[in-house]
Amino acid sequence: MNTYPYDAPILSSDSSRVATLNIEHAKARMPKDLTRTERSVIEANIKQLLEDNNAVLVAHYYVDPFIQDLALTTGGCVGDSLEMARFGQAHSAQTLVVAGVRFMGESAKILSREKTVLMPDLEAECSLDLGCPADEFSAFCDAHPERTVVVYANTSAAVKARADWVVTSSVGIDIIRHLHAQGEPIIWGPDRHLGNYIARETGADMLLWQGSCLVHNEFKATELEQLKAEHPDAKVLVHPESPDSVIALADVVGSTSKLLKSTYEMDADTFIVATDLGILHEMQKRSPYKRFLAAPTAGESASCKSCAFCPWMAMNGLQGIEQCLMHKTGEVTMTPELAAAAKKPLQRMLDFAELQQQRVTASGDIVKDRALFANVGAA
C-alpha cells in the first residue's frame, strides 16, 4: 500500500481563519428554544405552507429532532445527504426544503435542477467544505494530472465539478477498490481520516487532502477506552471520519446509515456511538429499549465530556423553515454549467452503485427507491 497522507497541502491560514470565524458565527445564529405552544403553532403553519407550496421537507439525521419528526410526519425524508437528494429527485414536489448544511442543498439542486431548493439558513456550512476551497483543491489536482480525482460528497458543487468521481462513506471503499484494480493512482479529498481508512482497506495509492470534520475529529481514543471498560458489553459504532485511534476501537465502522442499521440488527443492548449526537434521536426511536451512549470528545478536565454536535447543523430551526416557505428565502442557485459539471461525477457514483445492485433501476416508487439507494448514503 502506498499512501502519502502529508503530500496534500494543509489548510491555508486564510481558509483556516475563515473556518474558525464561521464556527463562531454559526453558534451565534443557533435558533432560540421554543415553548411547546410556540413550536406547535409553527409546526402547524409549516405543514400548511408545505401543502400550499407543493413542497416537501427533507432533513439530515443531525438536525434538531423536532425537524426530523416534522419531515417524517409531512411525508418527507430523514436521511444521509445523498438519500435526501435522491428522495427529493424522486418526489413529485416542485419545491424541496433541505434542512442540513449548504453542500446538501447543492446536492439536491444538482440532481433536481428544475426544482426550487430552499434552505432554512444558507450560511449553514460544513468544516469539510470550508476546508477544501475549490481554487486550492484545483491547484493541487493540477499538480498531479496523472491521478484520478475522487471527492467525498461533503464538498461544494465547484469541488465536485473538478472531480472524476464523487463518493459517499458507504460506497467509497467499493469505488476506490475498483479504481485500484484498474491501476489508477488517486487524489482523495477532503477528509484525511476517511481517506486513511479507505486506503488501509483497499491498498490503493492515494494522495490525501488534509481536511477533517469538526465533529468527528474530536473523538478521543483514551476516553473511549475508559467508557468501553465501564460498559464491557457495549458495541462501539464509529464513523470513518474519526481519527485512526478511535476507528481501531470500533465494532462497526461505517456511514450514518450503516451505524443506524447496526443498532437494530445487532444483538446488543448498549451502544457507544461516535458520530454527531443528532443520530441518537433516530436510534432511540428505532430501538426504544436499548441504551445509547455518546462517545467522548474531550478529556476529564473538559467542561463538556461529549460535545459531538455540528454548530452549522444546529443553525436549522423551525422558524427558519417557516420563513423560507413564507418568503421564498434561502434559495440554492447555481449556473446550469456548474450543475451539469458537478452532476457528472455524482452520476458516475450512482451508476456504479446501480451496477452493484445487479442493474436494478429506480422504479419511480419513492419507498422502493429509498431502499435501493440506502447503501450509498453520505455523511
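**Close-up views of a predicted model**

**View 1. Val273 pairs with Ala294 of strand S13.** The model shown here and in the other views is predicted. Strand S12 covers residues 270-274, and strand S13 covers residues 291-294. The two strands run parallel and are joined by four bridges. In a regular strand, side chains alternate between the two faces of the sheet.

**View 2. A right-handed β-α-β unit links S12 to S13 through a helix.** Helix H14 spans residues 279-286. Together with S12 and S13, helix H14 makes up the unit.

**View 3. His216 sits in a loop.** Strand S9 (206-208) lies on one side of this loop in sequence, and helix H11 (221-230) on the other. His216 counts as buried because its relative accessibility is 2%, under the 20% cut-off. Leaving aside residues up to four places away in sequence, His216 touches Tyr62, His239, Glu241, Ser242, Pro243, Ala274, Thr275 and Asp276. One of these contacts, Ala274, belongs to the residue range of S12.

**View 4. Cys126 is buried and forms no disulfide.** The closest cysteine sulfur to that of Cys126 is in Cys213, 6.4 Å away. That is too far for a bond, since a disulfide needs sulfur atoms within 2.5 Å. Cys126 has 10% relative accessibility and so counts as buried.

**View 5. Cys141 is likewise unbonded and buried.** Its sulfur lies 7.9 Å from the closest cysteine sulfur, that of Cys132. This distance is also too far for a bond. At 2% relative accessibility, Cys141 counts as buried. The structure as a whole holds zero disulfides.

Key
Residues are numbered from 1 along each chain as its sequence is written. This is a predicted model: local features need pLDDT of at least 70, side-chain atom pairs count only at pLDDT 80 or more; totals for chains, interfaces and linings use all residues. Side-chain values use heavy atoms; hydrogens and water are left out. Buried means under 20% relative accessible area, exposed over 50%, partly exposed in between (1.4 Å probe, protein chains only). Contact means heavy atoms within 4.5 Å. Two strands pair if DSSP finds at least two bridges between them. A crossover is right-handed if, with the strands pointing away from the viewer, the path from the first strand over the helix to the second runs clockwise.
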